[in-house]
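Visitor: I'd like to learn how to read a structure like this one. Could you walk me through it?

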2 protein chains.
Amino acid sequence: MSPATILDVAGSAGVSIKTVSRVVNGEARVADSTREKVLQAIKALGYQRNMFARGLRADKSRVLGLLYDNPKGDYPTDVLLGALTHCRESGYHLQVEVLRGRDLPAQAIKFLSETRLDGVMLTPPVCDNMEVLAVLADYDIPYVRVSPNKPRPGECYIAIDDRQAGEHLANCLLELGHRRIGFIRGIPGHAASRLRYEGYRGALARHGLAYDPDLVLPGKFDFASGFGGAAQLMALPDPPTAIFACNDEMAAGVLSWAHEQGMPVPGTLSVCGFDGGTISRVVWPLLTTCRQPIRELGKAAIRRLIEVSISGKREGTPLILPFELVTGHSTGKCNCFPDTAGQTAGT
Amino acid sequence: MSPATILDVAGSAGVSIKTVSRVVNGEARVADSTREKVLQAIKALGYQRNMFARGLRADKSRVLGLLYDNPKGDYPTDVLLGALTHCRESGYHLQVEVLRGRDLPAQAIKFLSETRLDGVMLTPPVCDNMEVLAVLADYDIPYVRVSPNKPRPGECYIAIDDRQAGEHLANCLLELGHRRIGFIRGIPGHAASRLRYEGYRGALARHGLAYDPDLVLPGKFDFASGFGGAAQLMALPDPPTAIFACNDEMAAGVLSWAHEQGMPVPGTLSVCGFDGGTISRVVWPLLTTCRQPIRELGKAAIRRLIEVSISGKREGTPLILPFELVTGHSTGKCNCFPDTAGQTAGT
DNA sequence: CATTTATCAGACAACGTTGTCATTGACGCG
DNA sequence: CGCGTCAATGACAACGTTGTCTGATAAATG
């Protein structure tokens, strides 16, 4: 059985196809009695409208795209989940595309020419690939970036205030008495990594502490960077009493190194991460971290795309979502001044 | 500027639209010189074919669906990644849909009526929802299930041999000398959980060991199940010396409980998980686990869907992919016979 | 009662592509 | 030369929907 079309419904309900179209699209000028007849016919025939024909005529697919190139960890999962949630609420659908390997712009061209999307959202790091953005602009597809590195003036992007978050987290450590705090950065060019680092430096400055470049290491957002970074930092002549890793996975690496050394956490070394995803909740001890509202970021991006798709206006103000500090058990008071600590313990 | 159509290309190249269509679709009967002319015109005009029109005429969208309802952890991410990889190689695209909350069949109906997919892949647990499957059958959409609970005869599904994997893993523990092995199950109705459990019992039986129901606990595949399960198991009068958790996240819970008690792992308690994803690599000590080829599962499912979509034949043989045992540092020799252990240590 | 206005419904074209069938011309063979 | 065969190309309809325009009927107004 071939599926029922608008024509079958029209015949069955004794009206014209246009009237059926009006009912299906919820247009105003239809008498209640007619609408009822049509709805019944639709139900009886199991009619479902054909998206191809609809799209061909209206040039709107109601399908959005999610474009990413870093399929690791909770981030893509949660962005996707948030995006899907909002899509479902709005009657939109989501097509996912991964850009990996060589010649990202060519991949973007291929996927854009094979589909018809009403808009695309991009996450780091691909959201900072200028060539890919140029392709999108060329195809005249609206897009929204999440946590872009260098937002353009007037661009409507979605992010959290990573700088402030970094500063807050560093502050937590400072208030626990830590004075030498190691910092492990994420991959270069990643906006979040840079901003969290700036926040870290800002916190130090506000506490009147000198900045020691030996305490800052590069990283790749992976476990090995944390593990190796911890080894390197703790081998310093004057090692830190706390380590701030730029994400949870690196923090997990720091924790594992400490466990392997038999070094108590947070007794001898405090550790904090960033993201607040699954990893922070399955390691021991529970990580002190900063929870990003990743799902909300995804939701907001989709909401924004739909707005643009309907209104056509691409300008707008950036949307900065709130983060949340999560206090785990991986951070504690600094024991770095044995005399002071001894006094307190003695009395 | 409105985008160029096949008509513009035809005009520019001095041929008919049908010829352009032939070139675009790589059909055979076109003279090389003509093909060249058309290709140049396409390039010059920046022509890209309109998927709506194509779909309307050919009734093929070249878009597949991924349907899931358990958006936790690496599983969905990796399935998605594998699926996308194969999609890209094959010129297909992937639309993702999450079914969550109440009335899953209704959600399935909604999403199927709003899109036009050539096929759908499903992962657990939604792949075992008979109502949803009925909806898919009703819409006459080919589907492939990954790790289904009760495969139907002749159904072509994708899975690993969970029973055998469970048996292997239990065997590892038995060969290390463990005789009392705790087992924490996953959510009921989940095929993998049941099969791994059967494998565990099989291994016990093969070693001539009695089955002790006290050693088997229910679980929900989450951290808390592992944490609580460990507490409960180790409070037994005759506690286990090893715990086999049905996935990595629960194993991480077991580890954390042990750390909190100051119980050495694997010194006093050996732990193994299942999945071999990120979690197994970021906890301390590294988990002994069974790595599922999740990406390959996703790839295989898509490959299969494309076959079905092209050939129209829905029958086929199930595809069982190989798993891989990963030996971490969370398992070690059993110290449960102090006399023997003492003797060895003494000499 | 005549006229305007509002409301509802239908006829028809158009969207850009592919499938079906027809046409053209070149070539080989008896 | 006449015929059949085959490769290459084109004309045209059809896919199912929505936008535009027009027509019909009922209600409101002078």
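Visitor: How far does a polar side-chain atom of Arg57(B) lie from a base nitrogen of DNA strand D?

Guide: The distance is 3.3 Å. The idea behind it is the polar contact: a pair of N or O atoms within 3.5 Å; within protein, one must be able to donate a hydrogen and the other to accept it, and residues adjacent in sequence count only if both atoms are side-chain atoms. Before we go on, this is a predicted model, where local features need pLDDT of at least 70, side-chain atom pairs count only at pLDDT 80 or more, and totals for chains, interfaces and linings use all residues. Residues are numbered from 1 along each chain as its sequence is written, chains are lettered from A and ligands numbered from 1 in the order in which they are written, and side-chain values use heavy atoms, with hydrogens and water left out.

Visitor: Which polar elements give two or more residues to the surface near DNA strand D?

Guide: Let me drop the word "polar" there: the elements are helix 2 (17–24) and helix 4 (51–58) of chain A, together with helix 2 (17–24) and helix 4 (51–58) of chain B. Helices (H or I, at least four residues) and strands (E, at least two) are DSSP runs, numbered from the N terminus. Helix 4 of chain A gives the most, with 4 residues.

Visitor: Which residues come nearest to DNA strand D?

Guide: A residue is near a strand or molecule if one of its heavy atoms lies within 4 Å of it. There are 26 residues around DNA strand D, and Ile6(A), Lys18(A), Tyr47(A), Thr19(B) and Thr34(B) come nearest. Of the atoms of DNA strand D that come within 4 Å of the protein, 62% belong to sugar and phosphate. Bases take part too: an N or O atom in the side chain of Lys18(A) is 2.7 Å from a base nitrogen. At a phosphate oxygen, the partner is a polar backbone atom of Ser16(B), 2.8 Å away.

Visitor: And how do the residues of that surface near DNA strand D divide?

Guide: Into 9 nonpolar, 9 polar and 8 charged. Here Ala, Val, Leu, Ile, Met, Phe, Trp, Tyr, Cys and Pro count as nonpolar, Asp, Glu, Lys and Arg as charged, and the others, Gly among them, as polar.

Visitor: What about DNA strand C: which residues come nearest there?

Guide: Thr19(A), Thr34(A), Ile6(B), Tyr47(B) and Arg57(B), out of 26 residues around DNA strand C. Sugar and phosphate make up 63% of its atoms within 4 Å of the protein. The side chain of Thr19(A) has an N or O atom 2.6 Å from a phosphate oxygen of DNA strand C, while Arg57(B) places a polar side-chain atom 2.6 Å from a base oxygen. Helix 4 of chain B provides the largest share of this surface, 4 residues.

Visitor: Let's turn to sheets. In what order do the strands of the 8-stranded sheet run?

Guide: Two strands pair if DSSP finds at least two bridges between them. This open sheet has the order 4(A)-3(A)-1(A)-2(A)-2(B)-1(B)-3(B)-4(B), with mixed pairing. Strand 4 (143–145) of chain A and strand 4 (143–145) of chain B stand at the edges with a single partner strand each, so one side of each has no neighbour in the sheet. Within chain B, strand 1 (residues 63–68) and strand 3 (residues 119–122) pair in the parallel sense over 4 bridges, and Gly65(B) stands opposite Val120(B).

Visitor: Where does the charged end of Arg185(B) sit?

Guide: A charge sits over a ring if NZ of Lys or CZ of Arg is within 6 Å of the ring centre and within 35 degrees of the ring normal. The charged end of Arg185(B) is over the ring of Tyr197(B), 4.1 Å from its centre. Arg196(B) lies over the face of Phe274(B), with 3.7 Å to the ring centre.

Visitor: Which backbone features should I look at last?

Guide: Most residues other than glycine have a negative phi, and most peptide bonds are trans. Here, the bond from Val265(A) to Pro266(A) is cis, with omega near 5°. Pro266(A) is in the loop between helix 11 (248–261) and strand 9 (270–272) of chain A. Asp275(A), not a glycine, has a positive phi of about 135°.
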